[in-house]
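User: Hi! I'd like to go through this protein one question at a time. Could you help me read it?

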Amino acid sequence: MMKRNLIVIILVGFALCCFPAAAEEVRQLTWIDLVPGHLLAEDPLADLTEKQKDLVYWVIYTLESLPLRGPDTEELYEEVDKAMPSLKEAGIDINKLMAKRKQVRTAIVEALNDKQVRIPGYLLPLEVSAAKVTEFLLVPYVGACIHVPPPPPNQIIYVKIIQKNGYQTKSLYEPVWVTGVIRAKSMAKDLYLVDGSSGVDIGYSMQATIIEPYKEKAPG
């Protein structure tokens, strides 16, 4: 009897060792989760007045949006030049702020690499086969990437659908839930528009196993 019980224990132990590990828990993300938390902990504009903040935003947006200085842009650059002394007098280093902004916009969360996640967003098709989307950009708001400037790289996810039949999208920028393995890896993709193509810098990619129409409550 004891021998028989010992055999049963051994067999049960063997079965437990060979049984597949429980599926990894799917973590639900928001877009803010894609930005390293330590970069959001400090607000470099916290001590500024609303008027100073508005001026800083305008200067940064103008400098980031304008092409190189030339006859067509000289007037706007002159406006920026006029704003600089007042910013300097207030102790505002615009170059330092722009460097910080770039860091916040491009930094990715390495800890998310190869994790099972679910995130909502808007679907912008890249590849369509037999009227179904097989590759797309997932973005946080309607019009992203088509309008200038595009979202920050860490607010764009390149998604490749694993299933061969793809996803039947109903419209451009359809809201969806995407579930799959995320990878924190910067890349660039060409987005073909009506008036030509545009390169888009991307901070994350996903191998999607589930694509579902967006509902207020997360699926699953």
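User: In what order do the elements of the protein chain run from the N terminus on?
Analyst: Keep in mind that this is a predicted model. The secondary structure comes to five helices and six strands. Going from the N terminus on, the order is α-β-α-α-α-α-β-β-β-β-β.

User: What percentage of the residues in the protein chain is buried?
Analyst: A residue counts as buried when its relative accessible area is under 20%. The protein chain has 220 residues, and the buried share is 35%.

User: Which residues touch the most other members in the largest nonpolar core?
Analyst: That core holds 24 residues. Strands β2, β3, β4, β5 and β6 each supply at least two of them. There's also a second, separate core of 12 residues, Val56 and Ile92 among them. Back in the largest core, the ones touching the most other members are Leu34, Phe136, Leu138, Ile157, Val178 and Tyr204.

User: How many of the residues of β3 are buried?
Analyst: β3 covers residues 132–139 and supplies at least two residues of the largest core. The strand is mostly covered, and of its eight residues the buried ones number seven.

User: Which residue is the bridge partner of Phe136 in β4?
Analyst: Look at both sides of β3. With β2 the pairing is antiparallel over seven bridges, and there Pro125 stands opposite Phe136. β3 and β4 also run antiparallel, joined by four bridges. On that β4 side, the partner of Phe136 is Val159.

User: Is Ile182 buried or exposed?
Analyst: Ile182 sits in strand β5, which spans residues 174–193. Leaving out residues up to four places away in sequence, Ile182 touches residues including Leu29, Leu112, Val117 and Met206. Its relative accessibility is 0%, and the cut-off is under 20%, so Ile182 is buried.

User: How far apart are the C-alpha atoms of Ile182 and Gln207?
Analyst: Along the chain, these two are 25 residues apart. In space, their C-alpha atoms are separated by 6.7 Å.

User: What share of the contacts with a separation of 6 or more comes from residues 24 or more positions apart?
Analyst: Ile157 gives you a feel for who touches whom: its contacts include Trp31, Leu34 and Ile119, with neighbours within four places in sequence left aside. Now take the contacts in the protein chain with a separation of 6 or more: the share from residues 24 or more positions apart is 70%.

Methods
Residues are numbered from 1 along each chain as its sequence is written. This is a predicted model: local features need pLDDT of at least 70, side-chain atom pairs count only at pLDDT 80 or more; totals for chains, interfaces and linings use all residues. Side-chain values use heavy atoms; hydrogens and water are left out. Buried means under 20% relative accessible area, exposed over 50%, partly exposed in between (1.4 Å probe, protein chains only). Contact means heavy atoms within 4.5 Å. A nonpolar core is a set of buried Ala, Val, Leu, Ile, Met, Phe, Trp, Tyr and Cys residues joined through side-chain atoms within 4.5 Å. Two strands pair if DSSP finds at least two bridges between them.
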